[in-house]
Amino acid sequence: MNLPISGRMAWSEETLQAAGASEKVTATSYDEVPYASYPFPQTHPSHLAVIATLFGLQPPPVQHCRVLELGCAAGGNLLPMAEALPQSSFVGVDLSARQIADGQRILQALGLANVRLVHASILDVDRSWGQFDYIICHGVYSWVPDRVREKILAICAEQLSPQGVAYISYNTYPGWHMRGMIRDMMRYHALRFTTPGEQIRQARALLDFLAQATRIDGGPYATLLRMELEHLRQQADHYLYHEHLEEVNEPVYFHEFIAAAQRHGLNYLGDAQITTMLSSNFPYEVQQALQIIAPDQIQSEQYLDFVRNRMFRETLLVRGEVQPDWTVQPGRIDNLHVCTHRRVVDESGDVRSTTTVQYRSKSGMVVATSQPTLKAAFRILGEEWPGTLPFADLVARVTERLGQPPEQVRTPLAVQILHVYLSSDLMELHALPIPRVPVTERPQALRSLRVRLELGENGGANRRHEVFRPNPFDSVLIPLLDGTRTKPELLEELTRRAARGLLLLPGEASPSSDLEGIRTRLAPLLEEALQRLADASVLVA
């Protein structure tokens, strides 16, 4: 994973034995080295509900749901959900007193009444906490001892609502064999030192030594080693410390995880990254071989892990009596919301023609199509970005643009959208709408983002539940966007701050006293920034 994983808790067997099965422990390695707490879009109930819907289930309505996060850290994932879903309720639990205290500080500033952050052990969670429609456990399972892993699955089995969905992520083999080898090397060297800071420095020193020692070796071992070293050298200290220097980090094979879940009466629903479930992204010969050696979905995905050398999984589970249908039907997107963030290679011409057009995603994936229905959909959704459109509304607008009857558009368009969604990151499906919010005369930014910036953090979640990191100019602007200031008033406030040296304009090394000159330079910068924030799903109506 390139992004750090939030919510990990360091639990050694000795710590648990000293604390007892239900006693709240007040000192963990996460108190010494807090883990950065981020939003993760793939854990959002809206995303989990989409996967469940595509596989034939009727997940609980996201607008009115109960969510439990096991290992919530400082609430970076949970609090933005609570802000966006005021009619839903949220509970987060974490063993680190410091991280819960950090989250409580933000929660108090937000004033949300629909979320609780609890300093407790996962072992404390029992049926008295009630049932939950969505249970999230991101970056915990591999980093805790066996009995805590069993408890995580027990909570999902006993406290998931009838059609609820549980999300559990974990390190997996075969990919982690290589990474685990490097972890062993770093622990051997770094744990001879006493403090976390020194251990992190020594771990990095070892990485540099290994990179230097293998720089002229072109063999497979040295090549793999350098790839892993390059990945780790780019990671933050907290990631390196908790991923590689903690006492517990136990990867499992996918089939082993599923077997453990089934022992608790849980069924496999799918992967949060749905594209990884498909063999159709591989050559025909690979697909044919998988049909012979892997007769079911679980076996197929295990063999795909072998092929990919997979290191990390995000598995979705449901109760044992729920049986997913993995033959995705076009009609299942009827009540979903669609959007795309695409860059067009060439979209000139009439969408009704059969000219091929290429679309490129943010990650660089390219989809080419000559289908008028899909080209019209891409063009319409591009006009709505960063908002979504209900599929029914999209069908109506495509019908109008092409001049065709709805019955000739609905099913072909559904098939085309599903194909793009399942094979690339170019099309998104959501269970909830995301409105397109233009720049208004009194712009307003998300309160959670404003609060985090006011508290000295360097970013937060946007309305798409993605990590948003503002540039220096936006970091000054966003806390001012509380809906009370007009654009001229914002310009005056920014001018005052620039004159006082609280905001440096591009190309300036020191503040200027020329207020009119500052104002003239700031005016276009303000307009550009506001549009940038609207495009980034940061503004609210």
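Start by selecting Gly 56, just after helix H3, where phi is positive at about 85 degrees. You're looking at a predicted model, where local features need pLDDT of at least 70, side-chain atom pairs count only at pLDDT 80 or more, and totals for chains, interfaces and linings use all residues. Residues are numbered from 1 along each chain as its sequence is written, and side-chain values use heavy atoms, with hydrogens and water left out. Helices (H or I, at least four residues) and strands (E, at least two) are DSSP runs numbered from the N terminus.

Now step back to H3 itself, residues 45-54. Is this helix mostly covered or mostly open? Mostly covered: 10 of its 10 residues are buried, among them His 47, Leu 48 and Ile 51. Here buried means under 20% relative accessible area, exposed means over 50%, and partly exposed is in between (1.4 Å probe, protein chains only).

**Two odd backbone spots**

Select Ala 73, in the loop between strand E1 (66-70) and helix H4 (78-84). Its phi is near 50 degrees, a positive value in a residue other than glycine. Ala 73 counts as buried, at 0% relative accessibility.

Then jump to Asn 309, in the loop between H13 and E7. Asn 309 isn't a glycine either, yet has a positive phi of about 60 degrees. At 36% relative accessibility, Asn 309 counts as partly exposed.

**Cis prolines**

Pick Tyr 173 and Pro 174: a cis peptide bond joins them, with omega about 10 degrees. Pro 174 sits in the loop between strand E5 (160-171) and H7. For another cis bond, go to Trp 385 and Pro 386, where omega is near 10 degrees. Pro 386 is in the loop between H14 and strand E12 (389-390).

**Around Asp 305**

Next, select Asp 305 in helix H13 (residues 297-308). Asp 305 is buried, at 0% relative accessibility. Which residues does Asp 305 contact, leaving aside neighbours within four places in sequence? Show Thr 172, Pro 174, Phe 254, Arg 310 and Arg 313; contact means heavy atoms within 4.5 Å. Put a distance label between the C-alpha atoms of Asp 305 and Gly 175 and you should get 8.2 Å, although the two residues are 130 apart along the chain.

While Arg 313 and Phe 254 are on screen, look at how they pair up: the charged end of Arg 313 sits over the ring of Phe 254, 3.8 Å from its centre. A charge sits over a ring if NZ of Lys or CZ of Arg is within 6 Å of the ring centre and within 35 degrees of the ring normal.

**Aromatic rings**

A search of the whole structure finds 9 aromatic pairs. Rings of Phe, Tyr and Trp (its six-membered ring) pair if their centres lie within 6.5 Å; planes under 30 degrees apart count as stacked, over 60 as edge-to-face and the rest as tilted.

Select Tyr 141 and Phe 257: their ring centres are 5.1 Å apart and the planes are at 80 degrees, so this is an edge-to-face pair. Tyr 141 is in the loop between strand E4 (132-137) and helix H6 (146-159), while Phe 257 is in helix H11 (residues 254-263), 116 residues apart. Both Tyr 141 and Phe 257 are buried.

Now take Tyr 268 and Trp 326, a tilted pair with 6.0 Å centre to centre and 45 degrees between the planes. Tyr 268 belongs to strand E6 (residues 266-271) and Trp 326 to the loop between strand E7 (312-319) and strand E8 (337-339). Tyr 268 is buried, with a relative accessible area of 3%, whereas Trp 326 is partly exposed at 28%.

Back at Tyr 141, add Arg 149, whose charged end sits over the Tyr 141 ring, 6.0 Å from its centre. Then select Tyr 173, Tyr 253, Tyr 303 and Phe 306, which form one aromatic cluster.

**Last stop: packed helices**

Colour H7 (residues 176-190) and H8 (residues 196-213), which pack at about 125 degrees with axes 9 Å apart. Among the residues that meet here are Ile 182 and Met 185 from H7, and Leu 206 and Leu 210 from H8.

Finish with H14 (residues 372-384) and H16 (residues 410-423), whose axes come within 9 Å and cross at roughly 65 degrees. Axes are lines fitted to C-alpha atoms, for helices over the stretch in contact, and angles run from 0 to 180 degrees between N-to-C directions. Residues meeting at this crossing include Leu 374 and Phe 378 in H14, and Leu 413 and Val 420 in H16.
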